[in-house]
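Thanks for sharing this one. Here are a few notes to read with the model open beside you.

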Amino acid sequence: MSALNRVPSLMARAGTASALTLAAVGGSIVVPGAAGEAAAATVGTKALKVAASKKGAPYQWGATGPNRFDCSGLTLYSFKKAGKKLPRTAAQQYNKTRHISKSSRKAGDLVFFHSGSYVYHVGIYAGKNKIWHAPKTGDVVRLQKIWTSSVWYGRVK
């Protein structure tokens, strides 16, 4: 009998099992709250891959894909493909995310560029202080270093 097959019978006999017991027999532990973070990371990772797959797509103000994008159109499209619905504009998207600190940011989080309280641009964090975004008219979807400290971070719920 394999170790995994023994877990239910061990737990039934003992009533409960310690983390060490489960680890010794090849079981797993469920940590409350961890599933939500893991799921969020998966959605963000999927959205990041979608955005990266649009490398070179032309910027067009108001465009939401699949071949042309503005900044919030790219994030909307990418998260939609990953299974999450976002509102249309960068400011609306900021208001729909869970706001996080720079030190908490992870690949797949949204990066919001602001002037005072006005959010004017959004991209998807790719790690190493870089984002995938649709920059401006005449440009294309690309990976670029974050160029200012006037940014806020949000995690799609």
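1. Let me start with aspartate 139. In this predicted model, aspartate 139 has a relative accessible area of 15%, so it counts as buried, the cut-off being under 20%. Its side chain forms a salt bridge with arginine 142, with 3.0 Å between the closest N and O atoms. Arginine 142, at 29% relative accessibility, is partly exposed.

2. How many salt bridges are there by this rule? The count is 3, and the pair just described is one of them. As a general reminder, side chains of opposite charge can pair when their charged atoms come close.

3. Please also look at aspartate 70 and arginine 88, whose side chains meet in a salt bridge at 2.9 Å, N to O. Aspartate 70 sits in the loop between helix H3 (34-53) and helix H4 (71-81), while arginine 88 is in the loop between H4 and helix H5 (90-95), so the bridge ties together parts that are 18 residues apart in sequence. Aspartate 70 is buried, at 7% relative accessibility, whereas arginine 88 is partly exposed, with a relative accessible area of 26%.

4. Arginine 155 and aspartate 109 make a further salt bridge, their closest N and O atoms lying 2.8 Å apart. This pair links distant parts of the chain, 46 residues apart: arginine 155 belongs to strand S6 (residues 151-156), and aspartate 109 to the loop between strand S1 (97-100) and strand S2 (110-115). Both arginine 155 and aspartate 109 are buried.

5. Tyrosine 59 deserves a look as well. This residue is found in the loop between H3 and H4 and is buried, at 15% relative accessibility. Which residues does tyrosine 59 contact, leaving aside neighbours within four places in sequence? Among them are Asp70 and Asp139, two aspartates that also take part in salt bridges. Its other contacts include Phe69, Cys71, Pro135 and Val140. The C-alpha atoms of tyrosine 59 and histidine 133 are separated by 9.5 Å, although the two residues are 74 apart along the chain.

6. Finally, the largest pocket. It holds about 220 Å³ of space and is lined by 16 residues, with Asp70, Cys71, Ser72, Thr89 and Ala90 nearest its centre. H4, H5 and strand S3 (118-127) each supply at least two lining residues, and the largest share, 4 residues, comes from S3. By type, the lining of the largest pocket divides into 10 nonpolar, 4 polar and 2 charged residues. Asp70 thus appears here again, nearest the centre along with the others named, as well as in its salt bridge with arginine 88.

Technical notes:
Residues numbered from 1 in each chain as written. Predicted model: local features only at pLDDT ≥ 70, side-chain atom pairs only at ≥ 80, totals over all residues. Heavy atoms only, no water. Salt bridge = Lys/Arg side-chain N within 4 Å of Asp/Glu carboxyl O. Buried < 20%, exposed > 50% of the residue type's maximum accessible area, 1.4 Å probe, protein only. Contact = heavy atoms within 4.5 Å. 1 Å grid on protein atoms, 1.4 Å probe; cavity = no way out; pocket = protein on both sides within 12 Å on 5 of 7 lines; lining within 4 Å. Points joined across faces, edges and corners; volume = space filled by probe spheres on them. Nonpolar A, V, L, I, M, F, W, Y, C, P; charged D, E, K, R; others polar.
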